[in-house]
Amino acid sequence: STYFLRNLGVLFGLLFLGFFILKGGLRCYTKHGQSMELPKFEGLHISEAEELANARGLTLRVQEGPFDKDRQPGLVILQEPPEGSRIKRERSIYLTVLGSTPSEVTLPSLVGNYDYDVYTRKLDALDIEFYVAEEEYDPRQEEGTILHFFYDDRKITDEDLRRGVQVPQGTRLGFVITKRRTGQVTMPNLVCQTYGESEFVISASQLLIGEVEGNYSVRESAYIVRTEPAAGQSVAEGRRVKLFLSDSRPADCQ
């Protein structure tokens, strides 16, 4: 009948309308088709990453990773999903950043590792810095034998290491080792070099750095204006060289 057909048509019309309303609602809810390519966060500082995420409508979840003395804390080293992934806006992005606090590491024992080269290879693997602070003449032991070393002016001996010594990664240790050679060397010309450059030259000449005087702000980059003894003099191996530093490079430098 006409009444039945009219009601049937209304029913189909309502079903048809409901289908499109539901479909449109789902598209709006899931933001269908509104994906974007994920930018690169790795290599940015976390402050820069946050600005970029806010501009793209992304949410960051940040976790602290390892400490690296050679790189800035807060640097993004890992992101998930990776760069170039297709994602929807307001998706959470997981970042790992470099930590600001160095991890504590336990220094290895000297037992079986008294050789400076052998022991410092172990330190290098632990991200510990080192240098030869002093050489002592000792004909009874092999050259380069570790006698002791210093951490923040604290003398560390084999007995200390047996009990356990922990230091932060990036710590610099100064070693006192043996030498068996004696004799005279010629004092090298260090004037016009920076303090940092002179450390290698002095060590290679079998000499040691002694007192440091002068007006300077940063020791490593300060220039040497005078030394005692002066360049060209014959001095005993192991002698300490007094350095006079200045922020200004000497006028007669080439």
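Let's begin with Thr145 and its surroundings in this predicted model. Leaving aside residues up to four places away in sequence, Thr145 touches Tyr114, Val176, Ile177 and Thr178. To find Thr145 along the chain, look in the loop between β7 (129-137) and β8 (146-151). Is Thr145 buried or exposed? Its relative accessibility is 11%, and because buried means under 20%, Thr145 counts as buried. There is a polar side to this setting as well: the side chain of Thr145 reaches the backbone oxygen of Glu142 at 2.6 Å.

Now let's turn to a sheet elsewhere in the model. Three strands make up this open sheet, in the order β2-β5-β3 and with mixed pairing. Which strands stand at its edges? They are β2 (59-64) and β3 (76-80), and each has a single partner strand, so one side of each is left without a neighbour in the sheet. As you follow the sheet from one strand to the next, the twist averages 25 degrees.

The pairing of β2 with β5 can be traced in more detail. Strand β5 covers residues 92-97, and it runs parallel to β2, with 6 bridges joining the two. If you would like one bridge to look for, start at Thr59, whose bridge partner in β5 is Ser92.

A helix completes this part of the picture. Helix α2, residues 46-56, packs on the sheet and touches β2, β3 and β5. Compare the direction of α2 with that of β2, and you will find an angle of about 160 degrees between them.

Terms used
Residues numbered from 1 in each chain as written. Predicted model: local features only at pLDDT ≥ 70, side-chain atom pairs only at ≥ 80, totals over all residues. Heavy atoms only, no water. Pairing = 2+ DSSP bridges. Helix = DSSP H or I, 4+ residues; strand = E, 2+ residues; numbered from the N terminus. Axes fitted to C-alpha atoms, helices over the stretch in contact; angles between N-to-C directions. Contact = heavy atoms within 4.5 Å. Buried < 20%, exposed > 50% of the residue type's maximum accessible area, 1.4 Å probe, protein only. Polar contact = N/O pair within 3.5 Å; in protein donor to acceptor, adjacent residues only side chain to side chain.
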